[in-house]
Amino acid sequence: MKAAVFRGVDRLLSIEDVPLPQAGPGELVLRVHYCGVCGSDLHSTHPGLFVVKDGTVLGHEFSGEIVESGASDWKVGERVTALPNNACSGCVAQGFQECREGLGMICPHNRLTGFSPNRPGGLAEYVKVPAGQAIRLPTAVGEREGAMIEPLAVGLHAVEAGQIGLGARVLVIGAGPIGLAVTAFARQAGAAHVVVSEFASGRRAIAGRFGATALIDPSVDDVGAAFAKAAGAPPDVIFECVGIAGLIQQCIEMSKPRGRIVVVGVCPTEDRVMPQRAMAKEINLRFVMGYGKTDWRRVLDLLDAGRVEPGAMVTDTVRLEALPEAFEALRRPTTQIKLLVRPGGAS
C-alpha cells in the first residue's frame, strides 16, 4: 500500500510502498477515507524537543471503513474513527489511574498512532487500530467530519479545563483548528465574549463562523488593550492555542487577577516564564494534553445533532501523492487551516 513516510527533517515526506497492516486479536484494519494533518505532525518533523524517527508514517486524525476485524463485535464495512492511543493495560493492574479513568493519552507508556515506526498512522491507504479505541460513526456524520473529531475533542477538553461560566469573557490566541474548536465550544459553554487573536487574515476571517464575537490582528493592535475594548474588561479565561516560546508569559501579563490560562498549543522548544508575575495575580495556569474517549463521544454526539459544523475549517483536500508539498506549506500558513488527505479516494 502507499503511505507518507518521514525520512528526516528538512526533507519532504516520501510517498512509498509499505507493508499492508494485518489485524491481530483485538485489532482492526481500516481503509482510510480521510486523514487530517495536525500541528503536532508539523512539530514532530521539525527540529525541536521531539522529532519522530526515520520511517514513521504520520497521521492520527482519521476515519475509515473496516476491511479486516480481529474483534467479534466489529464487522467489516462499518465506518469508524479511532483514538490514536495505544496505552498499556499494565498500569491498571499496578494501581495507576490514567487508563482506569479513560486518560490513556497521558499514560507514560502510551505510544500514539502516527508518531512511531511501530505505530504507523493514517496518512496511508490503510491503518491498524486497537478495537478498544474505535468509535462507530452514525449515519448523519460523514467521513470528513469523522476525521475531524480528534482536533474537536482537543478543543472540548480544553474548554472544560477552562471552567467557563455563563457570561464569561474569553480570549483565544490562535485560529488554527484547535483555536477554532475552542472558540466554538466556549460559545456553547455560555461565554458572552469570545475574542480571537490571529495573525493570518484568512484564519481570522473564519473565526467568526465558529462563534467569535470580535477579532484581533496582533500585528496591528495590542492584544490586551483590544480585548478590553471589545469585551469591557480583561479576560476571565485565556486559551493559548499556538505554542510558541514567550506566549505563556504574555498571557500572564494580560490576565486579570485570579484569571485562568489554559495552555493548549504545543511549544516544541524550551520556554521561560516569571512565576512571580503569575503569583502576584494568583493566576490559575493549566496545561492540557489531548482528551479522553468521553470527549470523543461527546463531540460525536454534537456532530450527530448538528450542533457543531467543522467543515469551514477545511481549506484544502488533497490526495496522498500531493501531500508532501501541501504538508510543507502548512509550516507558514496563509489561508490554510485544516488540510485533509484522502488516501483511499473518498469523495
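# A tour of the parallel sheet and its surroundings

Select Leu-171 and Val-195: Val-195, in β9, is the bridge partner of Leu-171. The model on screen is predicted. Now widen the selection to both strands. β8 covers residues 169-173 and runs parallel to β9, with 5 bridges joining the two. Strand β9 takes in residues 193-197, and 4 of its 5 residues are buried, so the rest of the structure largely encloses β9.

Stay on Val-195 and look to its other partner. Ala-214 in β10 stands opposite Val-195. β9 and β10 run parallel and are joined by 3 bridges. To get from β9 to β10, the chain passes through helix α6 (residues 201-207), and this β-α-β crossover is right-handed.

Next, select the whole sheet. The sheet is open, has 6 strands with parallel pairing, and follows the order β10-β9-β8-β11-β12-β13. At the edges are β10 (214-216) and β13 (284-287), each of which pairs on one side only. From one strand to the next, the twist averages 20°.

Move along the sheet to β11 (residues 237-240) and β12 (residues 260-263). These strands run parallel, and 4 bridges join them. To find one point of register, pick Glu-240, which stands opposite Val-263 in β12.

Return to β8 and add the helix α5. Together, β8, α5 and β9 form a right-handed β-α-β unit. Helix α5 spans residues 177-188. What length should its 12 residues span at 1.5 Å a residue? The expected value is 16 Å, and the end C-alpha atoms lie 17 Å apart, which agrees.

Colour α5 by burial. The helix is mostly covered, with 10 of its 12 residues buried. The buried residues are Pro-177, Ile-178, Gly-179, Leu-180, Ala-181, Val-182, Thr-183, Ala-184, Phe-185 and Ala-186. An α-helix has 3.6 residues a turn, so residues three or four places apart point the same way. After α5, select Gly-190, which follows the helix and has a positive phi, near 110°.

The last stop is Ser-44. Look for Ser-44 in the loop between α1 (39-43) and β4 (61-69). Is Ser-44 buried or exposed? Its relative accessible area is 1%, and because buried means under 20%, Ser-44 counts as buried. Show the residues around Ser-44: leaving aside neighbours within four places in sequence, Ser-44 is in contact with Phe-50, Val-51, Val-52, Leu-58 and Phe-115.

Technical notes. Residues numbered from 1 in each chain as written. Predicted model: local features only at pLDDT ≥ 70, side-chain atom pairs only at ≥ 80, totals over all residues. Heavy atoms only, no water. Buried < 20%, exposed > 50% of the residue type's maximum accessible area, 1.4 Å probe, protein only. Contact = heavy atoms within 4.5 Å. Expected span 1.5 Å × (residues − 1). Pairing = 2+ DSSP bridges. Axes fitted to C-alpha atoms, helices over the stretch in contact; angles between N-to-C directions. Right-handed = clockwise from strand over helix to strand, strands pointing away.
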